[in-house]
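Please look over the strands of the following structure and consider how they are arranged into sheets.

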Amino acid sequence: MGKPKFLGKSIWVFHLNTGSCNGCDIEVLDVLTPYHDAERFGVKLVVSPRHADAALLTGPITLESLPKVLRAIEAMPRPRIIIALGSCACGGNIWHSSYSVIGGVPELLKILKERGIEVDGVYYVPGCPVRPESIVYAVGLIKGLVPKKIKPKVKKVGR
Amino acid sequence: MSLKDMRRSRLGFLRALVIAGRSGRVTRRYPYEEPLVTSDFRGKIDIDETKCIGCGACVNACPPNALELINTRDGYISLRYFVGRCIFCWRCIDVCPTGAIKGTREFELATDDISDLYDIIVHEPNRCRECGKLFSTKRMGDYVVTKSPLVENYVDLDPDCRRNRFLKAIENRFGGRVG
């Protein structure tokens, strides 16, 4: 997946709590304080999905919030990305197999594909809750300021 | 606005500058400097594949099932660690019998590809010497033998064959078929 060009510029973010415990949401506020000032990268929270480049999803996406998430992502103008913030959004956390959640953004992407709603990129930021530095690092990664550090590891071992 | 008022407002701005100068810059330069990570911060775990025996103790202890044991179609058993679901409680480190799992202070885990978040260790399975069925892992058999050498004569039998052997032994003792 190539990196979309528009991500080098200021990203306007629409934050949507999809059943999160508020831990990640507080860290999002933390990032916007003068201490870890995310606005120095041009990141800004906007109140309408129609103004946003990125949907910032926290929480495991409950069934109750799923239609709202779909509507918000549909309303965003086209080059658009999703940022999955926290363990819940990345993989469902301890609710991954619960009856009332769909289990994070990987499941959401399947639903989006089914409905024909396209997104131009997905970024995952694990952490429970996410460290503010982790979010700032993710912003740097999205804008191409820092290299990606994590790599998949597959090891086959014998006796 | 008179000249005097303008002067006063200009002075007021200077006063704000003085206050700001006294408190200094608080913003961290984080992506370009070292992050503040304390010694008791818990980050991503690192599984040492040379020590892991595939026993599944960490799988039982993991609250969000970030660690899972998966049976592949060809009988191999793999331990899969999905960082995206991990809550960094480090319980797996406490329960690991061989000390294969180490905690790190790594938190820069953001990625644009979900396959980066998986760590997989594929274990070679043990083969039963009587029926040829695949069970458990070779490493776990070796580990059990080092802990209790008595089991060496039946460690490479799968649970069904062990049960049959036990029943046969009872039969022999009572001189014929039992039950």
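The paragraphs below go through the sheets one after the other, on the basis of a predicted model.

In chain A, five strands make up an open sheet with parallel pairing, and their order is S2-S1-S3-S4-S5. Its edges are formed by strand S2 (44-45) and strand S5 (122-125) of chain A, each of which pairs on one side only. At the S5 edge, strand S4 of chain A, residues 81-85, runs parallel to S5(A) and is joined to S5(A) by four bridges; within this pair of strands, A:Ile83 is found opposite A:Tyr123 of S5(A).

The other sheet draws on both chains: four strands form an open sheet in the order S6(A)-S5(B)-S3(B)-S2(B), and the pairing is mixed. Here the edge strands, each pairing on one side only, are strand S6 (153-157) of chain A and S2 of chain B. On average, and with direction ignored, neighbouring strands of this sheet are turned by 15° against each other.

Within the chain B part of this sheet, strand S2 (residues 67-71) and strand S3 (residues 77-82) run antiparallel and are joined by five bridges. B:Leu67 has B:Tyr81 in S3(B) as its bridge partner, while B:Ile70 lies opposite B:Ser78 in S3(B). The hairpin of S2(B) and S3(B) has five residues between the strands, and in this hairpin B:Gly75 adopts a positive phi near 90°.

S3(B) is also joined by six bridges to strand S5 of chain B, residues 118-123, and these two strands run antiparallel. B:Ser78, which stands opposite B:Ile70, also stands opposite B:Val122 in S5(B).

Notes
Residues are numbered from 1 along each chain as its sequence is written. Chains are lettered from A and ligands numbered from 1 in the order in which they are written. This is a predicted model: local features need pLDDT of at least 70, side-chain atom pairs count only at pLDDT 80 or more; totals for chains, interfaces and linings use all residues. Two strands pair if DSSP finds at least two bridges between them. Axes are lines fitted to C-alpha atoms, for helices over the stretch in contact, and angles run from 0 to 180 degrees between N-to-C directions.
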